[in-house]
Amino acid sequence: MEKTRHFPLQAHHGMDFDSLFTYEPSRTEVSYKPFSSQTELLSTEKQTWLNFICTSIVTAMTFLIFLMTFPFSTMFTLKLARHYERIIVYRLGRPCPIKGPGLVFVLPCIDKWLKVDLRTKAFHVPPSKLQTVDGCIISVGAIIHFRIYDAMLMYSTVQDINHVVRDGAHVEMNNLLSKTSYYDLKSKRQRLSYNLQTGINITCKQWGVEISRAELSEVTLLMAPQAQQSSAMYGTASPPNLHTANSGNSMLDSITQIIQQFNQFTTTKNISNDTQLNKYSTKDIFSKMQAAIENNLVKSVGLTYEFSVTGQVEKRYYLDLKSEQGIVGEGRLPSGNPDVIVTLSCETLQELIEGSLSYYSAYASGKLLLQGAISDVMKLEPILKLI
């Protein structure tokens, strides 16, 4: 009778036998490490000898056909890349070193090429509702500026970079602001914008994308905390019964006085701000703008602007900084082709002059409408500060 042979159980690195009831794969064995640079991406592409020989033969035949049809074949093989563009080439499915700027030679039929724009792009994260740590319901958005610093890495890891960066910025903004109080949102918005930029960069760096600027828009309070404020104020799950003791009545009186003083302070502040905003009319602002123009500012800007100030009656003004002294006038630009068209209200213009509202916040909230680049409007900041 043949004896049964028992083999010892060999170590299995793909399974976790620590538990008696599960045989799930070990999580430490499966990991994804993204490419960190173009050099690392190209170094992982190793070819066998057979693959190398076949690739060389096909490339040589294609190049021979190019020489036989020269110069007509140059119409299909020469590509132009500007100084802010790069061309990615895949030859028979394998990536080649990135090419450009200038004339780039590609072989027809075996080369697949793609042109990538390296200039800074911007998008608007739409305002979303979220709850802060202190229980406030707010609505806030953001403006994100990003650029591609590694075109090969970006194209090899992400299919739609605009969609991915927009979703990543939206998730990072919600995670960051949900751990912040409403007071910090109002008083430390610049620091939170920097933290948002840093958080998005941690994720986007592995895609070959860099976030150059991130700015939160104006915070809108939708619902103030009620029960949460009472619980935190008294240190209990629910406010105590104020009608059962004299100490409760005195505490209620003190709280009522604090609320009344706060309301009076807020009303006085709003009245003073409204009075300050309505101090100058639109015509006065543009008259002071003419006096604030300096020759060095005209040379540094070198653009023409047209302002459409909305209100009870829409008024148009133009600012010509291409002329030697700079001209401010009422109506449309005489040349008829302004570089930037700005549409805003008189209140928004006054807030921009006083510095209580930033350009990016006004653009993100819809108070500032543009036909042109936001960077060109930012060039007017030195002029508005002199008014």
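Here are three short exercises, with worked solutions, on the predicted model above.

**Exercise 1: the overall make-up**

Work out how many helices and strands the chain has, and what share of its residues is buried.

*Solution.* Start with the secondary structure: there are 15 helices and 14 strands in the chain. Next, turn to burial: of the 387 residues, 34% are buried. Finally, take the contacts with a separation of 6 or more: 63% of them join residues 24 or more positions apart.

**Exercise 2: how two helices meet**

Take helices H10 and H12, and describe how they pack and which residues make the contact.

*Solution.* First, locate the pair: H10 covers residues 282-292 and H12 covers residues 346-354. Their axes lie 10 Å apart, at an angle of about 40°. Now classify that angle: H10 and H12 are therefore oblique to each other. For the handedness, H10 crosses H12 in a left-handed sense. Then list the residues in contact: H10 contributes Thr282, Ile285 and Phe286, while H12 contributes Cys346, Leu349, Gln350 and Ile353. Sorting these by type gives five nonpolar residues, two polar ones and no charged ones.

**Exercise 3: the cysteines**

Find how many disulfides the structure holds, then decide whether Cys54 and Cys136 are buried, partly exposed or exposed.

*Solution.* Begin with the sulfur pairs: the structure holds zero disulfides. Now apply the burial cut-off, under 20% relative accessible area. Cys136 has a relative accessible area of 5%, so this residue is buried. Cys54, with a relative accessible area of 39%, is partly exposed.

How values were computed. Residues numbered from 1 in each chain as written. Predicted model: local features only at pLDDT ≥ 70, side-chain atom pairs only at ≥ 80, totals over all residues. Heavy atoms only, no water. Axes fitted to C-alpha atoms, helices over the stretch in contact; angles between N-to-C directions. Helix = DSSP H or I, 4+ residues; strand = E, 2+ residues; numbered from the N terminus. Parallel < 35°, antiparallel > 145°, perpendicular 65-115°, else oblique. Left-handed = near helix turned anticlockwise from the far one by under 90°. Contact = heavy atoms within 4.5 Å. Nonpolar A, V, L, I, M, F, W, Y, C, P; charged D, E, K, R; others polar. Disulfide = S-S within 2.5 Å. Buried < 20%, exposed > 50% of the residue type's maximum accessible area, 1.4 Å probe, protein only.
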